[in-house]
Structure formats: structure tokens, C-alpha cells
Amino acid sequence: MNALKKLFGGDTRQFGMIFALVALIVLFQWLTGGITLTPGNVINLFNGNSYILILAIGMVLVIIAGHIDLSVGSVAAFVGMVVAIAMRDWNIPWFLAILLGLGLGALIGAWHGWWTAYVGIPAFIVTLAGMLIFRGAQQFVGQSNSIPVPREFQFIGAGYLPEVGPSTGYNNLTLLIGLAAVAFVVYGEIRRRRTAKALGAEVPETWVVVLKLVLICAAILYATYLFATGRPGTSFPIPGLILAVMVLIYGFISSKTVVGRHVYAVGGNRHAAELSGVKSKKINFLVMMNMSIIAGLAGMIFVARSTSAGPSDGTGWELDAIAAVFIGGAAVTGGVGTVIGSIVGGLVMAVLNNGLQLLSVGADWQSMIKGLVLLVAVAIDVYNKSQGRASIIGLMMKNFSRPSGGPGTPLQPDEVTSTKETIAREA
């Protein structure tokens, strides 16, 4: 136990979702006779769930800010339908159609943001209305028909990294991305260690750092191997590449920028944030607009993968995205959550879905099992909060993102929330 605490930098309970994900993978790998971790299945898993993971990135910011967005499935379906019609009937090039979809998502998000931030209607009601409005609009515009999209557009949802360079038996671009990810992880750890020493903070023992890097890099390299050794014509999927870029961008925005800090502040305590000079209306407006832009992107990726926009697109997507965020450690009351956490939560649901389908479990049991997983995850968050602890994934990111105990080291969002709760209890 002490070795684990040294390795992960704190209480091992905070890594529950990571352990749950690994346990699910190992369990289904055994139950399916080794099918779960075959290259083809892993590639299909990412392709089939990338749009939900992308939605979860936007949803986690909405939930951190203290809101909920029920319209994302309908918005995604509406944007996908409009883009498909624009390419078929208006002869708009596929790259301009993507910009059209993002712009339409921004307009819808501005509509939601205005009602939520400046009129003061709860986001739950605004987006519930949006869910009905844009579901109807999608069916009206598409006349309940399926609209095919051109092959060039399908690349963003069903494409793979191309084969380049000498023949190695692997996809070379996938190998390069995997090696770059390993280098990034190693450089980041070395940089954090140097920063900790410069600040006079306590640094982990060398063997702890080395073992942690070995485990993380081994996982990255194994995933790289799986993606690089798929059937001919496949490799790391383009939706996965889009997802990775978005994780990096939004992870940076949420943890390293003023806007990101303000989102946490508004979700943690809006009135205190306003007294500190945070423009809560602006933050709420931006969060809602950003969510619809991401929903539009997710809708286009799904349409590209399925080769056409259909009347049933987007059904239930909002529930999957919300479940991913809560399973990933976000607090129901707002102020707590991370982008990485939402991805972990989404992967838990994706692996669970995939494993149950491989085992031919019926849709009835799949729904019941997923519901229980969501309920248990939120129950754990509520229990941790009642005990004065931050969320599982939030604590994990705190330990991985900075050295602890160093003078002058800024508090992370989860620490701010936890500190407020501690002060309130002592008062």
C-alpha cells in the first residue's frame, strides 16, 4: 500500500476509475477469449465512441460551470443534417461544409447561452426546449429522409492515417504519434521534477518516477502497437486524432488559462466569483456556446462515419455524454471535474458497451448495467464530498499535473473547492 501511495502520489482511492477501466479491460479480455484487445476491436471501439468522447469534453465544462445541456444530441443531429443537405443540394465543398457546421453550432450555442446567461432561465430548461426544437428542425429540414455525404467528407469520421515512408509492417505515422506521446510524457515528468526542486518542494524518489514512467509509456506503446497493426488500410483513426487534439487543447484551457479558472470559480460559488471580479454571465454564455460547437463537430463526425445523415441521429447522445462526465469524477453540484476525467469515464462506458456486445448480452441488460455503473459512480462522488474529499479523477489530475507542497504553487480547481468546503465546515 505504501508503495502504491509513493507511486501515485496520494491515496490510492483517487485512482478508482483508472483501476476500474483496467479491470474492465482485463475482465472482458478473459471473458471474450482475447477479442477485446485485438487491433480490429480496439480500432472499432474508438471509431464507434469518438463522437461521445468529444461530446464529453464540452459537457464537462458545462457541468463544472453548474449547468446541464440536454440538447447536444438534437443539435448534433440538426447540424449533421444541414451540412449533408448543403453538400448535396448546394454543392458546397466538404471543407466549407465543416466550417458551416461549426458556425451553425456557434449560433445555436449563442442562442442557448443568451437565454441562460442573460435572461436567467436555468440551462436545464433552455436546453430541454432546445432538444425539442432542434429535433423537430432536423426532421423538418431532412423530411425524415437519409441524406448521403460525399466520400471526401467521410474521411473525418471513417478515415485513418495514411501509409507513408518505408514498409515496416506497421503504420509509420501511428508509430510516430505513439513515440511523440512517449517523449511528451517523459519530458513533462522531467520538467515537473525540475520545477519542484527549484521551488524547494519535496520530490518523489527516483525509482517511483521511473516506475511510473515505465507503466505509462508501456500503456502508450501497447496502444500504439494495436493501432499500427490493424488490418490493411486501417491505423489510428482520424476521429481519434481529432479527439486527442481536443483533449490537449481543452485540457490546457481548463487548467492553465484565466477562462478555465473562471469556469471552475463560477461552478464552485457564483456569488463569490462575481465578488472576485469574474464575469459569470460571460462565462456561462461561452460555456453554452462552446458546447453546441462541439456538438456540431460530433454530429458531423458521426454522419461522416455512417456515410449519411438520418432522422434518428443523436438520439440519447446527451445521456451518454452526461454519464461519461459523472463517471469521470465531476461533481453534480458543479465546480469539480476534468477533461481527462470525462475521457476516462467515457472509455469506461465504451469498454463496458463493447464487452457486453461481444458477449452477446441483450440490450435490456446493457441498459440496466450501465445505469447501475452511473449510479455507483455518482454515489462515490457524493460520499467523497460528504467526507470533505475532492472527486477521484480531480485528485488524480492534481497529483499528475504538479508537484505537491511547493511554495508558491497555485491551487488546482479541486483543491479550491475542497478548501472552501473545509472552511465552511470549520466555521
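Arg88 is partly exposed, with 44% relative accessible area (buried means under 20%, exposed over 50% and partly exposed in between, using a 1.4 Å probe and protein chains only). The model described here is predicted, so local features need pLDDT of at least 70 and side-chain atom pairs count only at pLDDT 80 or more, while totals for chains, interfaces and linings use all residues. Residues are numbered from 1 along each chain as its sequence is written, and side-chain values use heavy atoms, with hydrogens and water left out.

The side chain of Arg88 meets that of Asp89 in a salt bridge, at 2.7 Å from N to O (the term requires a side-chain nitrogen of Lys or Arg within 4 Å of a carboxyl oxygen of Asp or Glu). Asp89 is likewise partly exposed, at 41% relative accessibility. In total, the structure holds four salt bridges.

Another of these pairs joins Lys212 to Glu189, with the closest N and O atoms 3.5 Å apart. Lys212 belongs to helix α9 (residues 206–228) and Glu189 to helix α8 (residues 172–198), so the salt bridge ties together parts that are 23 residues apart in sequence. Helices here are DSSP runs of H or I with at least four residues, strands are runs of E with at least two, and both are numbered from the N terminus. Both Lys212 and Glu189 are buried.

A further salt bridge connects Arg270 with Glu274, whose closest N and O atoms are 3.0 Å apart. These two residues sit four residues apart in helix α12 (residues 270–275), and about one helical turn separates them. Arg270 is partly exposed at 37% relative accessible area, and Glu274 is partly exposed at 33%. Elsewhere, salt bridges that share partners join Glu189, Arg192 and Lys212 into one network.

Attention now turns to the aromatic residues. Twelve aromatic pairs are counted, where rings of Phe, Tyr and Trp (its six-membered ring) pair if their centres lie within 6.5 Å, and planes under 30 degrees apart count as stacked, over 60 as edge-to-face and the rest as tilted. Tyr51 and Trp317 have ring centres 4.5 Å apart and planes at 40 degrees, so this pair is tilted. Tyr51 comes from helix α3 (residues 39–64) and Trp317 from helix α14 (residues 317–327), so the pair ties together parts that are 266 residues apart in sequence. Tyr51 is buried, with a relative accessible area of 13%, and Trp317 is also buried, at 5%.

For Phe227 and Phe236, the ring centres are 4.9 Å apart and the planes lie at 80 degrees, so the pair is edge-to-face. Phe227 and Phe236 are both buried. Ring pairs link these two residues and Phe46 into a cluster.

Helix α10 (residues 238–256) offers a handy check on geometry. At 1.5 Å a residue, its 19 residues should span 27 Å, and the end C-alpha atoms are indeed 27 Å apart; the expected span is 1.5 Å times one less than the number of residues. The buried residues of α10 are Ile238, Pro239, Gly240, Leu243, Met246, Val247, Tyr250 and Ser254. Their cover includes α3, α7 (151–158), α11 (258–268), α13 (280–306) and α15 (339–358).

Gln366 is found in helix α16 (residues 363–386) and is buried, at 11% relative accessibility. Leaving aside residues up to four places away in sequence, Gln366 touches Asn353, Leu356, Gln357 and Val361, a contact being heavy atoms within 4.5 Å.

Ser144, by comparison, occupies the loop between α6 (123–142) and β1 (147–148) and is partly exposed, at 47% relative accessibility. Although Ser144 and Pro311 are 167 residues apart along the chain, their C-alpha atoms are separated by 5.1 Å. With residues up to four places away in sequence again set aside, Ser144 touches Gln139 and Pro311.

On the surface, Trp207, Val210, Leu211, Val214 and Leu215 make a nonpolar patch of about 440 Å². Patches are made of residues with over 30% relative accessible area and no salt bridge, with like charges joined within 9 Å and nonpolar side chains (Val, Leu, Ile, Met, Phe, Trp, Tyr) within 5 Å. Accessible areas come from the Shrake-Rupley method with a 1.4 Å probe, and for residues only the protein chains shown count as cover. Within this patch, Val214 is placed in helix α9 and is partly exposed, with a relative accessible area of 49%.
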